[in-house]
Each structure stands twice: as C-alpha cells, then as structure tokens.
Amino acid sequence: MSHAFDNKPEKAVQLSHGGGGKEMNKLIKEIFFKAFNNPILASEEDAAVLHLEGTSAFTTDSFTVAPLFFAGGNIGKLAVAGTVNDLAMMGAEPQYLSCSFIIEEGFPMAQLKQIVETMADELHKSSTRVVCGDTKVVPKGCADGLFINTSGVGRILCPNISVKNLQVGDAILVSGDIGRHGAAILMAREGLNLESELVSDCANLWPVVEQLIACNIDIHAMRDATRGGLAAVLNEWASASNIGITVEESKIPVSDEVKGLCELYGFEPHDLANEGTFIMALPLDVAQGALEIIKRYGNCEQAAIIGQVDDTHTGKVVLKTPWGSSRYLDLPHGELLPRIC
C-alpha cells in the first residue's frame with residue numbers, strides 16, 4: 001500500500017481519504033484547498049469567522065444529480081450555481097458558501113478534480129467564496145458516486161422580494177427558454193444521441209440580477225424555475241399572494257430541441273426544470289426595461305414577457321392557448337425526472 005505522501009498519484013478515492021488522517025489531509029489540501037483558496041478557508045478553524053453587515057439571506061441545498069456530468073455542466077457547477085441562485089432570487093449578493101462532499105469509495109480522482117475545478121470557476125462569476133466544508137467517504141455501494149451539499153449566505157441589497165408580494169397588474173417575465181436543464185438530463189440519462197446542440201441552462205444568475213438591482217428595477221417577486229419548472233413557480237406565487245396569473249402559451253420561449261423531447265416522452269415543457277432561468281413579477285411599466293437588461297447582461301435573446309397578474313381565478317394559473325382556448329396550468333403531478341439536481 002502506498003504511503004499518503006508518496007509521489008505516485010491516487011487514481012481513485014479510498015476509504016482512508018475520509019479517515020481524518022494523512023490521506024484525508026492530502027485530499028483536502030491538494031484538491032479542495034487548492035481550488036477554493038481564500039484566507040478564511042485557509043485558517044483551518046472548526047468554523048468560519050465571518051463579517052456580516054445588514055440583513056442577510058441564508059439557504060442550503062443538496063445535489064444528487066444523475067448523471068454527474070451532462071451537456072452544459074456537472075454536479076459541481078450545479079451545486080454552486082443552484083445555491084448562488086437561491087440567494088440571488090432574494091435580492092442577496094452571494095458572499096459565502098459551505099460545501100460538503102459525500103464520496104463513494106472508488107470514485108475516480110480525476111473526475112473529482114474536474115468537478116471541484118468547475119465549482120471554483122463558477123464561484124468566480126459572483127466573487128463568492130467557499131469558507132468551510134466537510135468530506136465523508138462511504139463504502140462502495142453506499143452512495144452513487146458523489147453527493148454535494150452546499151449552504152450559502154448573502155447580503156440583501158434589494159429587500160421585500162417575496163412570493164407574497166405580487167400585485168394585480170404586474171407583468172410576468174421569464175429570463176430565457178424553459179425546460180432546458182430537465183431535457184438535457186433526460187437526454188444524458190437515456191443515452192440519446194440527437195442531432196442537436198441542446199445543453200443545460202445551468203448558470204450563475206447573480207451577474208444579471210445585480211444589474212437589475214443596480215438599475216433600481218422594482219422587483220416584486222423572483223424565483224429560479226428549478227424542480228417543477230415554470231408551472232410550479234407560477235402556482236406557488238398565485239397561492240402565496242392570493243391572486244390570479246394568466247400567461248400566453250405562444251409567448252413562452254421553448255427551444256425546438258426541448259419541444260421535440262417533450263413530444264417524444266409526453267412531457268410538458270413548463271413542467272421541466274431549469275437551472276439558469278428565472279421568473280420575475282414586476283410592475284408592467286418597468287417590464288420592458290427589465291427585459292432589455294436581461295437580454296443585454298444575461299446574453300439570452302429568448303427572454304420574454306409572458307403574462308400578467310390579475311384578480312380573476314384567485315390562486316390559479318390560466319394558460320391561454322394559441323387557438324383561443326384557456327385551461328388551468330396546474331402543479332406537476334408525481335416525479336417526472338428524479339435526481340435532476
């Protein structure tokens with residue numbers, strides 16, 4: 001058995017890498033500390049000492065996506081973007097993240113390094129730092145490769161963004177085409193080799209949200225459309241704010257690739273998850289300005305105003321079809337695609 005500090009590189013994670021000894025120390029220093037290097041993390045205390053000013057937002061999430069690598073990202077990019085986005089949707093500047101890894105014995109070391117390096121790249125996009133973490137290694141068969149848990153803290157720059165703040169007359173805006181992440185995971189999981197360039201929309205949303213806040217856009221509600229997609233977000237808003245929402249199906253942006261996969265598997269695009277697309281409710285008179293900001297700084301020409309808030313059908317979402325009929329857009333039923341994030 002090779003010594004932990006031999007020059008021979010490790011090819012896979014072993015149980016000893018979670019044992020608290022030399023092997024674990026090497027793993028943490030050579031992979032995690034190297035990628036996430038900052039003074040707070042490097043202090044190696046039992047808890048990170050943080051300086052927080054004003055009202056803060058705090059969130060946590062766990063990531064079990066399968067497969068770990070997919071078109072447009074991997075579990076590491078998803079973990080950072082997902083947690084940063086939860087803070088951004090509350091108008092909070094992402095500052096600090098914790099990061100815990102549960103690694104299955106035998107997991108390839110090269111893949112672990114790739115995932116961690118991707119996380120570091122994603123952190124730089126919002127100047128966010130991983131300041132504490134934990135590593136556990138479980139025996140082979142006790143986990144599916146790698147699970148990641150992240151928690152995030154951010155300073156609120158735009159208060160009063162809430163699911164309860166929608167007002168009659170508000171416009172409903174979507175920042176990009178919907179269902180892209182769920183469709184990309186489905187394609188990877190089913191081993192589909194389609195002639196398309198479909199990739200997940202997994203992305204850090206803070207840069208575009210920061211621009212909206214800097215331009216003093218009056219944001220009433222904002223949420224990234226993850227599990228349950230657009231349908232889940234709109235129904236949660238209608239219920240929480242006790243209002244009605246009407247959206248026009250023809251205005252909802254959906255890529256041809258996502259439409260094709262939905263037709264193949266019988267899904268609805270508005271039920272599929274996104275990981276870099278958000279929904280926003282805001283006064284109608286500033287909606288066009290917000291749309292231009294999103295297109296300019298979010299690099300997404302598909303952003304669109306898709307509907308409005310009204311006082312009819314309270315607590316419900318109405319979908320107007322291109323043929324002049326209307327139907328309720330209900331919450332998705334069951335688990336369409338487990339382990340998408």
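## A walk through the strands, a helix and two pockets

Strands β8 and β10 (residues 278-282) pair up in the antiparallel sense, with four bridges between them. One of those pairings puts Ala221 across from Ala281 in β10. Bear in mind that this is a predicted model.

Now for the wider sheet. β8 and β10 belong to an open sheet of seven strands, ordered β8-β10-β7-β11-β9-β12-β13, with mixed pairing. β8 (221-224) and β13 (326-328) sit at the edges with a single partner strand each, so one side of each has no neighbour in the sheet. From one strand to the next, the twist averages 25°.

Elsewhere, strand β1 (residues 56-63) runs antiparallel to strand β6 (residues 146-156), and eight bridges join the two. Ala57 stands opposite Gly154 in β6. Which side chains of β1 are buried, and which are not? Ala57, Thr59, Asp61 and Phe63 point to one face and are buried, while Ser56, Phe58, Thr60 and Ser62 point to the other face and are not. That fits a general pattern: side chains in a regular strand alternate between the two faces of the sheet.

On to a helix. α4 (residues 109-124) has 16 residues and spans 23 Å from its first C-alpha to its last, close to the 22 Å expected at 1.5 Å a residue. Its buried residues are Met109, Leu112, Ile115, Val116, Thr118, Met119, Ala120, Glu122 and Leu123.

Finally, the pockets. Here are the two of them side by side.

| Pocket | Volume | Lining by class |
|---|---|---|
| Largest | about 500 Å³ | 14 nonpolar, six polar, five charged residues |
| Second largest | about 430 Å³ | 13 nonpolar, five polar, seven charged residues |

What lines the largest pocket? There are 25 residues, and the closest to its centre are Ile28, Phe33, Leu41, Gly133 and Asp134. At least two lining residues come from each of α1 (22-36), α2 (39-42), β4 (92-104) and β5 (129-138). α1 gives the largest share, seven residues.

The second largest pocket is lined by 25 residues, with Asp86, Arg223, Asp224, Thr226 and Glu236 nearest its centre. Two strands from earlier turn up again here: β1 and β8, along with α3 (75-88) and α7 (229-241), each supply at least two residues of this lining. The largest share, five residues, comes from β1.

How values were computed. Residues numbered from 1 in each chain as written. Predicted model: local features only at pLDDT ≥ 70, side-chain atom pairs only at ≥ 80, totals over all residues. Heavy atoms only, no water. Expected span 1.5 Å × (residues − 1). Buried < 20%, exposed > 50% of the residue type's maximum accessible area, 1.4 Å probe, protein only. Pairing = 2+ DSSP bridges. Axes fitted to C-alpha atoms, helices over the stretch in contact; angles between N-to-C directions. 1 Å grid on protein atoms, 1.4 Å probe; cavity = no way out; pocket = protein on both sides within 12 Å on 5 of 7 lines; lining within 4 Å. Points joined across faces, edges and corners; volume = space filled by probe spheres on them. Nonpolar A, V, L, I, M, F, W, Y, C, P; charged D, E, K, R; others polar.
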